[in-house]
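Please look over the sequence and the model before reading on. The paragraphs below go through the fold, its core and some points of the backbone.

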Amino acid sequence: MVTFSPTPTQCDVCTDLFNEAPGTLIYDTNVMGRWGCICHKCFVYFGCTLGIGRGQKYERQANGTFLQTAGGLLTGGAKDAV
Ligand SMILES: [Zn+2]
């Protein structure tokens with residue numbers, strides 16, 4: 001299991017605070033040529049895609065952490081902290 005650590009609190013693009021509710025989706029993705037942690041709204045708006053080297057999807061768990069649920073390898077990198 002790969003969780004996003006430290007737990008991000010806001011979108012890097014629109015700066016909206018991430019919803020605290022379980023099931024909230026965020027993305028660690030390439031957006032406009034830069035890497036950022038963004039909300040679902042921005043992910044759709046900028047036409048981002050999932051995959052190795054493109055983007056990973058994370059879903060808020062009941063304990064407040066974000067667990068990676070899609071987007072390629074579920075290990076590796078600085079964010080591989082469980
Ligand atoms: Zn956003």
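Among contacts in the chain between residues at least 6 apart in sequence, what percentage join residues at least 24 apart? The figure is 48%, where two residues are in contact if their C-beta atoms, placed from the backbone, lie within 7 Å. This is a predicted model, in which local features need pLDDT of at least 70, side-chain atom pairs count only at pLDDT 80 or more, and totals for chains, interfaces and linings use all residues. Residues are numbered from 1 along each chain as its sequence is written.

The pLDDT is the predictor's confidence in each residue, from 0 to 100. Its average over the chain is 90, and 88% of the residues score at least 70. Over residues 76–82 the pLDDT is below 50, and this stretch has 11 contacts in the model beyond near neighbours in sequence. Where pLDDT is low, the predicted coordinates should not be read in detail.

The chain contains one helix and four strands. Helices (H or I, at least four residues) and strands (E, at least two) are DSSP runs, numbered from the N terminus. Along the sequence they follow the pattern β-β-α-β-β. The strands form an open sheet in the order β2-β1-β3-β4, with antiparallel pairing; two strands pair if DSSP finds at least two bridges between them. On the edges are β2 and β4, each of which pairs on one side only. Neighbouring strands of this sheet are turned by 30 degrees against each other on average, direction ignored. For such angles, axes are lines fitted to C-alpha atoms, for helices over the stretch in contact, and angles run from 0 to 180 degrees between N-to-C directions.

Strand β3 (55–60) is a useful place to follow the pairing. Five bridges join β3 to β1 (residues 25–31), and the two run antiparallel. One partnership is that of Leu25 with Glu59 in β3. Four bridges join β3 to β4 (residues 66–70), again antiparallel, and here Arg60 has Phe66 as its bridge partner in β4. β3 and β4 form a hairpin with five residues between them, and Gly64 in the turn has a positive phi of about 95 degrees.

How much of β3 is buried? Five of its six residues are, so β3 is largely enclosed by the rest of the structure. A residue is buried if 20 or more other C-beta atoms lie within 10 Å of its own, exposed if 12 or fewer, and partly exposed in between, with C-beta atoms placed from the backbone. Of the 82 residues of the chain, 26% count as buried.

The largest nonpolar core has 12 residues: Cys11, Phe18, Ile26, Tyr27, Val31, Cys37, Ile38, Cys39, Cys42, Phe43, Tyr58 and Phe66. At least two residues of this core come from each of β1, β2 (34–39) and α1. A nonpolar core is a set of buried Ala, Val, Leu, Ile, Met, Phe, Trp, Tyr and Cys residues joined through C-beta atoms within 7 Å. In soluble globular proteins, nonpolar side chains tend to be buried together. Leaving aside residues up to four places away in sequence, Ile26 touches Pro8, Phe18, Cys37, Ile38, Cys39, Tyr58 and Phe66.

The segment before β1 includes Val2. Why does Val2 count as buried? Val2 has 20 other C-beta atoms within 10 Å. The C-alpha atoms of Val2 and Thr69 are separated by 8.6 Å, although these residues are 67 apart along the chain. Gly53, by contrast, is exposed, with 8 other C-beta atoms within 10 Å, and lies in the loop between α1 (40–45) and β3. Its C-alpha atom is separated by 8.9 Å from that of Gly71, 18 residues apart along the chain.

Some backbone geometry remains. Most residues other than glycine have a negative phi, and most peptide bonds are trans. A cis peptide bond joins Ser5 and Pro6, with omega about -5 degrees; Pro6 is in the segment before β1. Thr15, in that segment too, has a positive phi of about 65 degrees although it is not a glycine. Thr15 is exposed, with 8 other C-beta atoms within 10 Å. Met32, in the loop between β1 and β2, has a positive phi near 55 degrees. Met32 is exposed as well, because 10 other C-beta atoms lie within 10 Å.
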